[in-house]
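Me: Please take me through one part of this model in detail. I want to see how the nonpolar side chains pack together, and what lies around them.

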Amino acid sequence: MSFYIFAILAIFSVTLENARIPAAAAFTMSVLPSVAQKTRVLIVGTGLSGSLTCYHLRALAKKSVIPLRIDVADMARGPGGRMSTTRYGPEEIRANTGAQYLSTSSATAAALLQTVCAASSTPPNNNCPLDRVENPLRRSTHFVDSDNAYTHWLPRHGTNSAVKQFLYGGEPDRIVFESRLQRMAKDSTQRLVPLFDSGGTTSTYDIVILAMPPK
């Protein structure tokens with residue numbers, strides 16, 4: 001049976017000023033058994049949730065030798081979601097207009113972030129150098145745990161450069177931007193058909209993962 005998976009903040013939760021990275025990707029682990037009998041997946045949203053979902057789903061599919069096709073769509077012009085970075089001028093001065101840094105809650109999460117950001121996964125073979133933020137600005141919103149439970153990181157090329165690392169590290173088969181999903185339908189074989197008001201894909205899917213804020 002075809003089905004939706006709502007991944008809204010399932011992997012990453014993003015606050016107004018920071019991005020929190022949980023230690024585990026339990027969401028993707030729970031999805032994999034269902035994916036084993038299905039081959040076409042669409043992830044809607046290329047923010048941190050969608051990008052990390054793509055990354056972990058691809059990694060687990062490779063580990064389990066599952067022939068999986070992953071397509072990704074987003075209404076924006078590029079990846080990032082709430083972790084957007086704006087470029088300005090001929091020198092491409094960058095300003096983070098979303099999350100100002102990333103906060104890891106465990107050594108495992110920190111190691112994952114550092115490993116992925118050190119890889120050359122974003123075109124054209126770029127990486128994502130990180131600096132540790134020893135004294136972050138006081139937040140207007142707070143995490144569940146105390147501030148001392150987190151390590152904070154600032155990607156030198158902008159916070160959305162980390163999002164790109166996870167997205168392209170997930171080796172999606174196709175990415176389409178400027179594609180706003182309006183609704184879902186089913187074809188005669190009960191496969192899911194995403195209907196976009198602009199852009200989008202013409203494929204049908206067994207699984208659709210909605211990794212975007214609620215409207």
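Reply: **Nonpolar packing**

The largest nonpolar core holds 15 residues, and those with the most contacts inside it are Met83, Leu113, Cys117, Leu130 and Ala162. A nonpolar core is a set of buried Ala, Val, Leu, Ile, Met, Phe, Trp, Tyr and Cys residues joined through side-chain atoms within 4.5 Å. Buried means under 20% relative accessible area, exposed over 50%, and partly exposed in between (1.4 Å probe, protein chains only).

This is a predicted model, where local features need pLDDT of at least 70, side-chain atom pairs count only at pLDDT 80 or more, and totals for chains, interfaces and linings use all residues. Residues are numbered from 1 along each chain, and side-chain values use heavy atoms, without hydrogens or water.

Which elements build this core? Two or more residues come from each of α2 (48–63), α3 (107–118) and α4 (160–169). The top contributor is α3, with four residues. Helices (H or I, at least four residues) and strands (E, at least two) are DSSP runs numbered from the N terminus.

Take Leu130 next. Leaving out residues up to four places away in sequence, Leu130 touches Leu113, Gln114 and Cys117. Trp153, Leu154, Pro155 and Arg156 are its other partners. Contact means heavy atoms within 4.5 Å. Two of these partners, Leu113 and Cys117, are also on the list of residues with the most contacts inside the core.

Now the cysteines. Cys117 is buried, at 1% relative accessible area. Its closest cysteine sulfur is in Cys128, 3.2 Å away, which is too far for a bond. A disulfide needs two cysteine sulfur atoms within 2.5 Å. The structure holds zero disulfides. Cys54 is buried as well, with a relative accessible area of 0%.

Cys54 belongs to another core, of 13 residues, which lies apart from the largest one. Val41, Ala61 and Ile70 are also among its members.

Back to α4. Seven of its ten residues are buried, so this helix is largely enclosed by the rest of the structure. The buried ones are Asn160, Ser161, Ala162, Val163, Gln165, Phe166 and Leu167. Ala162 is thus on two lists: it is buried in α4, and it ranks among the residues with the most contacts in the largest core.

Gln165 leads back towards the end of α3. Its C-alpha atom is 8.0 Å from that of Ser120, although the two residues are 45 apart along the chain. Ser120 sits in the loop between α3 and β9 (130–133). Ser120 is partly exposed, at 49% relative accessibility.

What happens just after α4? Glu171 takes a positive phi of about 50° there, and it is not a glycine. Glu171 is in the loop between α4 and β11 (174–176). At 41% relative accessibility, Glu171 is partly exposed.

The loop between α2 and β5 (69–73) holds another such residue, Val65. Val65 is not a glycine, yet its phi is positive, about 55°. Val65 is exposed, with 70% relative accessible area.

Finally, the whole chain. It has four helices and 14 strands. Of its 215 residues, 46% are buried. Among contacts with a separation of 6 or more, 72% join residues 24 or more positions apart.
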